Amino acid sequence: MRTPPWLTVLDDTIAACITHHRTDLAGKLERRRALLLDPRVRVPVIGELNQGKSQLVNALVNAPVCAVGDDVTTMTPTAVEHAEVPTAALVTDVPTAGRRAIGPAGAEPARVPVPVEDVASKGLATRRHDVHAEVGLPRDLLTGGLVLIDTPGLGGVGSWRTAATFAVLANADAVLMISDATCELCASELELLKKVAKLCPAVTVVLTKIDIVPRWRRVAERNRARLAAAGLAVKVVPVSASVRLTAARTGDQELNEESGFVELVKCLRQDVLGQGEVLASRSAAVASATATEQLLTPLNQELAEARGGKLGQAHVQYRAAQHRLDELRRRSSRWQTMLGDEVADLLSDIEYDLRERTRKIVRISEEYFDAADPARAWDEFEYWLCDSLADTAETNFEWLIERFQWLSTKIARQVALDEAVPDAADAGDLLDHIGDLTPPRIEKFSIGQQLYVGLRGSYGGLLMFGLATTVVGMGLFNPISIGAGAVFGAKSIVDERGSRLKRRQATAKTAAQRHVDDFFLSYGKEIRDTARLIQRRLRDHFTSVVERLQTGIAERATEAKRAAEADLADRRRRSQEISAEVDRLVGLHKRSQALVTPNARRRGLTA
């Protein structure tokens, strides 16, 4: 026997669901498959509260199997099917992974037989969601396998009613949507029809209670117009259940014609029972298309991420490493320029500081020897001068080291390094440049030299005053001339001592100046050489550190690049796999849509 196309499509969809680990969808499709292979045709009767659903079912089977009244009556679904003798039972559904199904699919449910006339009252008393009623009647309308299912009214209090109704709709082959003729289709009913059409495309709108609405034909036409405007190609059949039951009780065929049930029964026989294979194909198409759409949604998202989504961790690490390497190279050129400029400024500042300090020492020396006698104070002055030069060298060198430490920290921050700064040069060698101070040559003023200077000075006084006193008759050598000679001699000795002191002070100043200049030249050269040495050490240190960092970053960038390339290749491979799977599911979706052929649309209930 040839396998129907819809069954092949449905089996392929189930296999696709299992492949994508959607066992929930596979379970639903398997239950739907079992129901579609069942020769019975399930037609739920749905609608909002108090629209006449239960009365319509009673009128179709000409038996009071569903409770009717002004209050909410149907609490659980009631399935009416063919049986040789009237039977009824309350059935407890077996829990499944998906929604429950009215029918023989799955495990055997628990059945409690009840009298047919008690079904309505038992159904009202039972509020359990896992219970439904099954009624069997010997009716010609039901002999072809038609199963009419009365469902709880939609709307009102309790969302479980809507859930129970849609659970029945999930397994429906066709649907009768009930709306009474007292008003036109409202927005909620149109929205309900759109939802129902997605679950089961074979839908018929039954306009009830036309016996109490004189202008029902106008309502029917307005409903057809509203359905067309909403894009719903749904047939509208006006009926009156009360007239139908009266005609059945009296046997009045003309009254039965007026009830509209002849047209409704004809629709059920021709468009439902007579199109079982078409309905199965269309139901399978809807189930398959719904499942493939649910499978395609995450696949399309994954495909979009694989093609143009966020970069993987490997790409992010590679870009970060490349950016770090470029930044390090850019900073390397800057810190070398900074080192040269800062060292040039430092040398200028160090030389100025050294010159300022030595000039101050020279000024102090000159002021000191303006009053002090080098012959007496030279040893004390020599100790002070050496100590001052030592302090100058130490202070100048400490400033040099502090500036280089500051410069090293600044460069380290510029290059963003955590490496330790190299040690500076030792100041011990620099203090050797102070040297020994050579004392000035000091002439001795001996007694003979003093006598000679005194006699030379007294000769002028003696001669001048001796000649002056000869005028008054005194001799050349007299007490006045001798006294004047003594005074002049003493003054000459004092003046000579002062001159010799001035010469000694000038010589001392010159010696101190020369010593300080020698220190400035020697120490200045050494401090510059030391600064250049530290500069080279810093340059070599940071160069080696930067090269080591560049090598490490380059290696990490190479590893990240390889990982990024591998990730990109994996993304491409995954993209190709997903694309192939998407194409396969799209092909399956097209096959499911192809099941609804134009001929089937014309012959179906939604034509």
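Start by selecting Ala 133, which sits in strand β5 (residues 131–137). The model you are viewing is predicted. Ala 133 has 1% relative accessibility, so it counts as buried; the cut-off for buried is under 20%.

Now show what surrounds Ala 133. Leaving out residues up to four places away in sequence, it touches Pro 77, Thr 78, Ala 79, Ala 89, Leu 90 and Val 119. Add Thr 76 and draw a C-alpha to C-alpha distance to Ala 133: it reads 7.4 Å, although 57 residues separate the two in sequence.

**Zoom out**

Show the whole protein. Its 607 residues are 45% buried. Colour by secondary structure to find 16 helices and nine strands. Among contacts with a separation of 6 or more, 82% join residues 24 or more positions apart. Switch on the surface: about 31,800 Å² is exposed, and carbon and sulfur atoms supply 53% of that.

**A helix pair**

Two packed helices are described by the angle between their axes and the distance between the axes. Select helix α3 (residues 53–61) and helix α10 (residues 261–272). Their axes come within 11 Å and cross at roughly 80°. That angle falls in the 65 to 115 degree range, so α3 is roughly perpendicular to α10.

Which residues in α3 and α10 meet? From α3, show Leu 56, Ala 59 and Leu 60; from α10, show Phe 261, Leu 264, Val 265 and Leu 268. The contact has seven nonpolar residues, no polar ones and no charged ones.

**Salt bridges**

The count for the protein is 22 salt bridges. Visit three of them.

Go to Asp 38 and Arg 42. Their closest N and O atoms are 2.5 Å apart. Asp 38 is buried at 13% relative accessibility, and Arg 42 is buried at 2%.

Next, select Asp 349 and Arg 403, a salt bridge with closest N and O atoms 3.2 Å apart. Asp 349 belongs to helix α12 (residues 313–369) and Arg 403 to helix α13 (residues 374–415), so the pair ties together parts 54 residues apart in sequence. Asp 349 is partly exposed at 31%, while Arg 403 is buried at 18%.

Stay on α12 for Arg 357 and Asp 353, whose side chains meet in a salt bridge of 2.9 Å, N to O. Both lie in this helix, four residues apart, about one turn. Arg 357 is partly exposed at 31% relative accessibility. Asp 353 is buried at 14%.

Last stop: select Asp 38, Arg 40, Arg 42 and Glu 81, which salt bridges with shared partners join into one network.

Conventions: Residues numbered from 1 in each chain as written. Predicted model: local features only at pLDDT ≥ 70, side-chain atom pairs only at ≥ 80, totals over all residues. Heavy atoms only, no water. Helix = DSSP H or I, 4+ residues; strand = E, 2+ residues; numbered from the N terminus. Buried < 20%, exposed > 50% of the residue type's maximum accessible area, 1.4 Å probe, protein only. Contact = heavy atoms within 4.5 Å. Areas by Shrake-Rupley, 256 points an atom, 1.4 Å probe, with all protein chains shown as cover. Axes fitted to C-alpha atoms, helices over the stretch in contact; angles between N-to-C directions. Parallel < 35°, antiparallel > 145°, perpendicular 65-115°, else oblique. Nonpolar A, V, L, I, M, F, W, Y, C, P; charged D, E, K, R; others polar. Salt bridge = Lys/Arg side-chain N within 4 Å of Asp/Glu carboxyl O.
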